[in-house]
Amino acid sequence: MTAQQPLVDLRDITVSFGAVKALRGVSFDLRPGEVHALLGQNGAGKSTLIKVLSGVNQRDGGEVLIHGKETNFRSAQDSRDSGIAMVYQDLSLIPSMSVASNLFLGREPHVGAGLVRHRTIHAQAQKYLAEQGFPIKASARVDSLPFAYRQLTEIAKALMGDIKILVLDEPTSALSAGEEEILFKTVAEVTKRGVGVIYVTHRLQEVFRISDRVSVLRDGRNVGTHNTSEITMEKLVSEIVGPGHERMATDTLSVEEGDRRSAFQDDASVRSTAAPVVELRGVRNSRLNGVDLKVRPGEILGLAGMVGSGRTEILETMFGLRKADEGEVLFEGKSVRWRTPHQAIAAGVALVPEDRHLEGLVLEDTIAANIAMPRLPHLTRAGLFSKGEAQRRAKKAVADLNVKAPGIHTRLQNLSGGNQQKVVFGKWLTPEPRLLLLDEPSVGVDVGARDEIYGIIRRFARNGCAVVVVSSELVELQLLCDTLAVVHDGRVTTCVRSSEVQGEERLHHLVQEPAR
Amino acid sequence: MSTATSSPAPASTGDNSRRTAVRDLLSSDRPYGVLLALIALVIFFSIKSDVFFTGANLENIGRQTTLVTIMAVGMTFIIISAEIDLSVASILKLSCVSAALFMNDFSDNWALGALVGIGVGALIGLVNGLLTTKLGIPSFLVTLGMLGVAKGIAFVITDTAPVLVDNRTFWAVFYEGTIAGIPVPIVWTLIALAIGSVLLHLSTFGRKVYATGGNATAARYSGINTDRTKILCFVLTGVLAGLASLIFTAQGHAARPDFADGLELDVIAAVILGGTSLFGGRGTIIGTLIGSLIIGVLNNGLVLIGVSSSWQIAVKGFIIILAVALSKRR
């Protein structure tokens, strides 16, 4: 098999977005019938590399060889025509239609006069599924299927036609353990027929479970490519994290030496006896399985864990978006049963949500309007909106948080990601909250703005606000947090002071192999 | 408004906010194209017809536009909050026959009658809002259903016959009187526009409406009760449809359940022409006024230049599509 020419051969690919170099010369190859895992932290260049292959991003330099022939994809269709199929995390199926109809969407076999014969479609679809080894019924409606089977349908759809190269981008992030098995079996089945699979993931255990080779990217460069059987998890983690990370982390530290670690650790003895701002006692609901957690004033608590582990749901429960079916939520010592964010906000809770476009901002509104949004009750005089006060607050927020914008009447859609995120923080600046919840606070934010955002978070904490941070970037958690809680399967499995975790590698291991 | 609360602030801030307020009132995101369209139509009809640009005829247009404008003010709120109300014309029917029947059967007090008409409108708006938000039925369907329900009830309780209203005060207050030389229907229109402007552009409620329509999730995550905001928009529209129904009744000295069919389309067209986004989050009262004036000018001008009534319908539809298409291009 290895003697065959590779299906995909990427050589020395470079990609830049403006001044940002996303890929600085990455090479990657895929052989027929293998699963080649692609690893790296957020921003390492995995998705850019995949997008070059799918024709979404154009390369600035390097060569793309598909089946040995040099190619240049100008669009996603070009890529598809060359036999490359992408399966993304977000599903592209029509839920109200059957599996068969979805498989044949846009390429229905016609029986004259443009009519579609459903029986033919179903029969053909069922035959195809059986041949390819997909355990799915063609007649089932997509929205009646469990999530894993929808994902399989997606893969089946992607493989229709003459597909030799399959790209799976974090396919298991939304699947339960049992559902993963079904996916792995299908992947094994597919590779038997000579299809090559590029498998992008954050979960190292899966790499050892299903991949033949593994490549690691860091900062837009290759770090290494190995046969999976010849490498250990320790080695992989250190490659992902990189040797420079300790130094890098310290650099950032020295910039904010005084700010770092907030005031919390200095007089830890005093603070640790302070009454918690928020406390969860055995909280259970549809996504949480008994969470115990305390956050004290001035403390920055980090929630580490895989996507889907329940990190976000803990924040949502503290923000009145989810109810605790069992157990108790205490806010400033009092048991609370919030049903809407409105109640949480009135009590002094603030949320910087994961998806600022969807949940944080009204993009077509101005900076001033967005900053006023959560504080409307404070900005009302006799029913009228106090525009002067709102503008004063917006100006203060823009100045304090160093938002780069022409003015407070600039629409959010015209700001960069980092500045948009600063505006989300600005919403909660006056008055400052008692509890600040942050879900992936630096996603889609450039490096400079990220450091500023860390400064903002620390300032909230120094002023006595309790902070809870959810982040997939472990460096970020170690930099920011006083305390770390590892979340796994809707429970907090480990709770440590971040000073006790030596190096990011240790934290990686805590997250990858949660205490059982 | 804002300047009053920020009096200690430097003068420049005050100026700024005053300028912003003026800008907010006079501008919307893209009303200029539609304003030009209105001016073009006025010029066109003035050239084509001697009577068009006369005081009497302009007053006529004002009177004829009243119903559409008043209801369009409410519709602006609903559409900015990313909902729709197809039932406004039926609310108008049921409100006016309720007011008329009440005055005939229970009390000839014009004020009580007016209150009944407005109350019925508010109630239907409340039902629309509750069904849309609490049951999660799309407002398109809720109000499509309500269009039939309200109209049907109006027919049933009147036996499909007009209900005469013989109350001179009522006629005077809602149609025949003048204040400082301005006919009352136009005064009522101005009142509705003023209340709409203050609510939408100066009150906290207006901020909630924009936020709810701009991004309901972000609004909810910011502590805004998006359900209540939407319900209030529906109630406001119901109230204004009730007010319009009183003017309509006073005009004909009777409440007629068989009139005003299809008026909701004029109302929605006026709002959309005025630059309010059907996807929510954007729009202004001044834009809506321009939009309904375009509808009014078309209705009036096409008659004056002798376009047959069948052609009027087609031409009006065509011009609406054209105007919206032009305003889409930025």
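**Reading a predicted two-chain model**

User: Is Ala461(A) buried or exposed, and how many C-beta neighbours does Ala461(A) have inside 10 Å?

Analyst: Ala461(A) counts as buried because 24 C-beta neighbours lie inside 10 Å of this residue, while 20 or more are needed for that label. Please keep in mind throughout that the model is predicted. Ala461(A) belongs to helix 17 of chain A, residues 447-462, and its C-alpha atom is separated by 52 Å from that of Val195(A), which stands 266 residues away along the chain.

User: How should I read the parts of chain A, and which domains does the assignment give?

Analyst: The assignment divides chain A into domain 1 (23-83 + 162-243), domain 2 (93-161), domain 3 (257-348 + 433-516) and domain 4 (361-430). As you can see from the bounds, domain 1 and domain 3 are each written as two segments.

User: Where does domain 1 of chain A touch domain 2 of chain A, and which helix gives the largest share of that side of domain 1?

Analyst: The C-alpha centres of domain 1 and domain 2 of chain A lie 26 Å apart, and 12 residues of domain 1 are in contact with 12 residues of domain 2. On the side of domain 1 that touches domain 2, the largest share is six residues from helix 6 (residues 177-192) of chain A, and the residues of that side divide into eight nonpolar, one polar and three charged.

User: What is the order of the strands in the open sheet of chain A?

Analyst: The general idea is that strands of a sheet pair through backbone hydrogen bonds, either parallel or antiparallel. In chain A, an open sheet of six strands follows the order 16-19-20-13-21-22, and its pairing is mixed. Strand 16 (349-352) and strand 22 (491-497) are the edge strands, each of which pairs on one side only. If direction is ignored, neighbouring strands of this sheet are turned by 20° against each other on average.

User: How many bridges join strand 21 of chain A to strand 22 of chain A, and how many lie between strand 21 and strand 13 of chain A?

Analyst: Strand 21 (residues 483-488) pairs with strand 13 (residues 300-304) of chain A in the parallel sense over four bridges, whereas six bridges join strand 21 to strand 22 of chain A, and these two strands run antiparallel. Looking at single residues, Leu301(A) has Thr483(A) as its bridge partner in strand 21, and Gly302(A) has Leu484(A). On the antiparallel side, Val487(A) stands opposite Val492(A) of strand 22. The hairpin of strand 21 and strand 22 has two residues between the strands, and in this hairpin Asp489(A) takes a positive phi near 55°.

User: Which residues of strand 21 of chain A lie on one side, and which on the other?

Analyst: In a regular strand the side chains alternate between the two faces of the sheet. For strand 21 of chain A, one side holds Thr483(A), Ala485(A) and Val487(A), the other holds Leu484(A), Val486(A) and His488(A), and all of these residues are buried.

User: Which helix packs on this sheet, and which strands does that helix touch?

Analyst: Helix 11 (residues 311-318) of chain A packs on the sheet and touches strand 13, strand 16, strand 19 (435-439), strand 20 (466-470) and strand 21 of chain A. The direction of helix 11 makes about 150° with that of strand 19. Eight of the eight residues of helix 11 are buried, among them Arg311(A), Glu313(A) and Glu316(A). Gly320(A) follows helix 11 and has a positive phi near 80°.

User: In chain B, how do helix 5 and helix 13 cross?

Analyst: Two packed helices are described by the angle between their axes and the distance between the axes. The axes of helix 5 (residues 88-105) and helix 13 (residues 263-273) of chain B come within 7 Å and cross at roughly 130°, and therefore helix 5 is oblique to helix 13. Val88(B), Ala89(B) and Leu92(B) of helix 5 make the contact with Leu263(B), Glu264(B) and Val267(B) of helix 13.

User: Finally, how many residues does the contact take from chain A and from chain B?

Analyst: The contact takes 30 residues from chain A and 31 residues from chain B. Helix 15 (387-400) of chain A is one of the elements that supply at least two residues of chain A's side, and its five residues are the largest share. By class, that side of chain A has 15 nonpolar, seven polar and eight charged residues.

Terms used:
Residues are numbered from 1 along each chain as its sequence is written. Chains are lettered from A and ligands numbered from 1 in the order in which they are written. This is a predicted model: local features need pLDDT of at least 70, side-chain atom pairs count only at pLDDT 80 or more; totals for chains, interfaces and linings use all residues. Two strands pair if DSSP finds at least two bridges between them. Axes are lines fitted to C-alpha atoms, for helices over the stretch in contact, and angles run from 0 to 180 degrees between N-to-C directions. Two residues are in contact if their C-beta atoms, placed from the backbone, lie within 7 Å. Domain bounds come from an automatic or database domain assignment. Ala, Val, Leu, Ile, Met, Phe, Trp, Tyr, Cys and Pro count as nonpolar, Asp, Glu, Lys and Arg as charged, and the others, Gly among them, as polar. A residue is buried if 20 or more other C-beta atoms lie within 10 Å of its own, exposed if 12 or fewer, and partly exposed in between; C-beta atoms are placed from the backbone. Angles under 35 degrees count as roughly parallel, over 145 as roughly antiparallel, 65 to 115 as roughly perpendicular and the rest as oblique.
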